[in-house]
Amino acid sequence: MNQIRMSEQDLLVSFETALEQDYIFVCYQPKINHATGRMIGAEALMRWKDPVNGMQYPSDFIPVLEKNTLIPKADLHVFEDVCKFQKKCLDENIPTVPISFNMSRYDIFHSDYVGKIEQIRQKYRVPVNLLHVEITESSAIGGSELVSRVLNHLHVLGYTVEMDDFGSGYSSLNVLKDLEVDVIKLDMRFLSGGIGGRSGMIISSVIQMSKWLDTPVIAEGVETEEQADFMKSIGCSYIQGYLYSKPLPEQEFIEKLKHTQHEPVARTINLIESMDAGRFWNPQSLETLIFNHYVGGAAIFTYQDGILNLLRVNQKYQTELGMHMCEKEVLTSDPWESFDENNKKIYQKTIQKAIQTREEESCETWRTVCSKICGEDRICIRTDMRMIGRAGEEYIFYAMVRNITAEKKRFDELAESERRFRFASEQVNVYAWEYEFSTRQMRPCFRCIRDLNVPVLVENYPEPLFDSGLFPMDYYDMYHEMLRKIETGEVDEIEEIIPLSIARIPFHVRYTLERDENGKPLKAYGSAAMVVDNSET
Ligand code: C2E
Ligand code: CA
Ligand code: CA
């Protein structure tokens with residue numbers, strides 16, 4: 001059908017017929033919890049489809065109706081349709097949600113408007129909790145006596161009041177202070193320049209403020225996943241917009257109701273104050289600078305019922321994880337994919353601990369990464385994470401990651417050589433240790449620790465071993481002379497027989513010098529092997 005914009009005159013002439021013939025009707029737009037995908041409510045929006053001129057837009061016909069004092073009549077018509085709809089759902093066991101209707105500022109001035117809607121509601125016996133009122137910020141401006149009285153009346157009757165178009169006017173904050181509203185609707189379309197600029201900061205401070213007021217926020221006009229994720233990351237997961245659904249005709253909305261799970265609006269949006277995740281979206285903010293340049297690999301993710309969802313990662317995150325993907329690909333892939341069961345458990349445990357302690361918690365997990373170029377690879381990632389926010393049962397985390405595969409491998413190699421060394425010394429009855437000159441620290445082998453009670457690290461070597469009696473005091477001077485020769489580099493190897501331990505068993509004590517690249521003495525490797533008396537054989 002052609003769409004022809006009707007003139008004011010035509011609209012006025014057709015108005016009564018349009019009401020009678022239901023050319024004026026209602027569409028419903030779902031409100032969704034982006035964190036769970038469940039429906040929390042819907043908004044009733046007026047539509048006018050003229051049989052000759054086709055669809056007329058609210059932005060065109062509503063001002064005309066307002067100007068000609070016809071809007072209260074149109075709005076009562078919409079309200080009655082909504083009541084009929086809810087009644088039908090209740091009668092036919094269609095699972096429904098609270099539906100909000102728009103109240104124009106002309107309705108507020110209309111005598112006993114609230115009395116009239118209450119009559120209609122009672123006629124259809126719709127529970128008041130299934131009906132929400134949307135009042136625009138501009139109609140509340142001035143916070144006049146009258147507006148307060150109407151709002152109060154609505155509250156007394158049990159209606160939930162939503163402040164529409166919050167952020168569109170200049171006096172938003174004052175309005176909020178003066179009027180008690182139950183829900184704030186923040187229109188993303190009023191925020192020019194997207195979420196990256198100043199807007200991101202404005203939105204996140206509105207969310208902070210709504211938290212202090214304990215008032216839930218619904219973001220409307222949300223068209224992209226990016227906007228929705230951003231809102232979620234700053235603690236607002238209630239979304240209305242084309243991203244989830246356009247306003248739907250009644251029948252289609254009923255189908256939607258039947259096939260979507262529902263949940264009530266909760267008041268527990270709680271973001272930890274010290275951390276303003278919203279600022280990570282502002283490219284000029286210090287946080288973003290830090291996020292991108294100084295912190296190394298970092299990510300913001302959410303966690304709920306075992307599901308991990310990456311909201312944001314920086315460039316270094318991808319480098320650390322050796323990913324050849326763009327940010328969008330990283331964000332849409334399942335983070336658990338690279339974990340095996342065991343490592344997943346380790347990671348989940350750390351998340352749980354971070355939720356409990358609210359402190360930074362760390363873990364090391366192995367992951368399998370794949371790339372077209374290098375094939376499959378195992379990498380070890382150290383993660384330091386901290387919970388920065390919570391929305392219902394969903395937790396928001398900030399995580400720093402570091403690829404420690406190389407360190408791990410080196411450590412494993414060391415452990416392996418240590419293990420071999422231990423076996424070897426076990427075989428030959430040798431005690432061994434390392435002595436570093438600059439620190440005067442001595443590190444004994446496993447057998448020294450086990451058999452001779454030598455501490456894992458001996459400071460101020462060799463004094464404590466004389467004190468403990470392991471070295472006999474009468475060898476004190478001789479032993480120091482031996483160390484002096486090796487420490488000064490006078491000799492590269494030196495050996496003496498010294499009776500060791502309380503039992504005074506003679507040992508070949510031997511030192512081998514290690515020098516640095518300039519030939520300067522660095523440390524000595526010591527060993528003690530029992531003097532074998534061969535005379536019996
Ligand atoms: P509103 O109350 O702020 O309603 C939201 C408007 O945003 C609707 O436009 C909706 O279709 C549109 N919208 C929803 N999601 C998106 C999105 O993601 N992107 C974009 N670009 N738009 C989105 P609609 O239906 O054209 O209504 C326009 C305005 O007309 C409404 O703004 C409201 O102020 C007024 N209006 C609509 N129905 C009624 C009514 O029954 N009574 C009164 N008094 N006013 C109404
Ligand atoms: Ca509205
Ligand atoms: Ca709005």
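1. The loop between helix 17 (446-452) and helix 18 (463-467) holds Pro462. This is a predicted model, and the loop is a good place to start reading it. The bond between Tyr461 and Pro462 is a cis peptide, with omega about 5°.

2. Stay in that loop for a second backbone feature. Asn453 is also found between helix 17 and helix 18. Asn453 has a phi near 65°. That value is positive, and the residue is not glycine.

3. Now turn to ligand 1. Where does ligand 1 sit? The answer is the largest pocket. The shell around ligand 1 counts 21 residues. Arg47, Asp75, Arg189, Glu223 and Tyr242 are the closest of them.

4. Which elements build this shell? At least two residues each come from strand 2 (38-50), helix 2 (58-67), helix 3 (71-91) and strand 6 (160-166). Strand 2 gives the largest share, with four residues.

5. The make-up of the shell is mixed. Eight of its residues are nonpolar, five are polar and eight are charged.

6. Three polar contacts of ligand 1 deserve a look. A nitrogen atom of ligand 1 lies 2.5 Å from a side-chain N or O atom of Glu223. The backbone serves at Tyr242: one of its N or O atoms is 2.8 Å from an oxygen atom of ligand 1. At Glu43 the side chain is used again, with an N or O atom 3.2 Å from an oxygen atom of ligand 1. How much of ligand 1 does the protein bury? Alone, ligand 1 exposes 790 Å², and the protein buries 85% of that.

7. Glu43 also has a role at a metal. The calcium ion (ligand 2) is coordinated by Glu43 (OE), Asn102 (OD1), Glu134 (OE) and Asp164 (OD). The distances run from 2.1 to 2.3 Å. Along the sequence, these donor residues follow the spacing E-x58-N-x31-E-x29-D. Glu43 belongs to strand 2 and Asp164 to strand 6. They are 121 residues apart, so the pair links distant parts of the chain.

8. The calcium ion (ligand 3) has its own set of donors. Asp164 (OD), Asp165 (OD) and Glu220 (OE) coordinate this ion, and Glu220 (OE) is listed twice. Here the distances span 2.0 to 3.0 Å. The donor spacing in sequence is D-D-x54-E.

9. Which residue coordinates both calcium ions? Asp164 does, bridging ligand 3 and ligand 2. The two ions lie 4.0 Å apart.

10. Two residues are worth keeping in mind while viewing the model. Glu43 coordinates the calcium ion (ligand 2) and also has a side-chain N or O atom 3.2 Å from an oxygen atom of ligand 1. Asp164 coordinates the calcium ion (ligand 2) and the calcium ion (ligand 3).

Conventions:
Residues numbered from 1 in each chain as written. Chains lettered and ligands numbered in written order. Predicted model: local features only at pLDDT ≥ 70, side-chain atom pairs only at ≥ 80, totals over all residues. Heavy atoms only, no water. Near = heavy atom within 4 Å. Polar contact = N/O pair within 3.5 Å; in protein donor to acceptor, adjacent residues only side chain to side chain. Areas by Shrake-Rupley, 256 points an atom, 1.4 Å probe, with all protein chains shown as cover. 1 Å grid on protein atoms, 1.4 Å probe; cavity = no way out; pocket = protein on both sides within 12 Å on 5 of 7 lines; lining within 4 Å. Sits in = over half its atoms within 2 Å of the grid points. Nonpolar A, V, L, I, M, F, W, Y, C, P; charged D, E, K, R; others polar. Donors = N, O, S within 2.8 Å, 3.2 Å for Na, K, Ca; no water.
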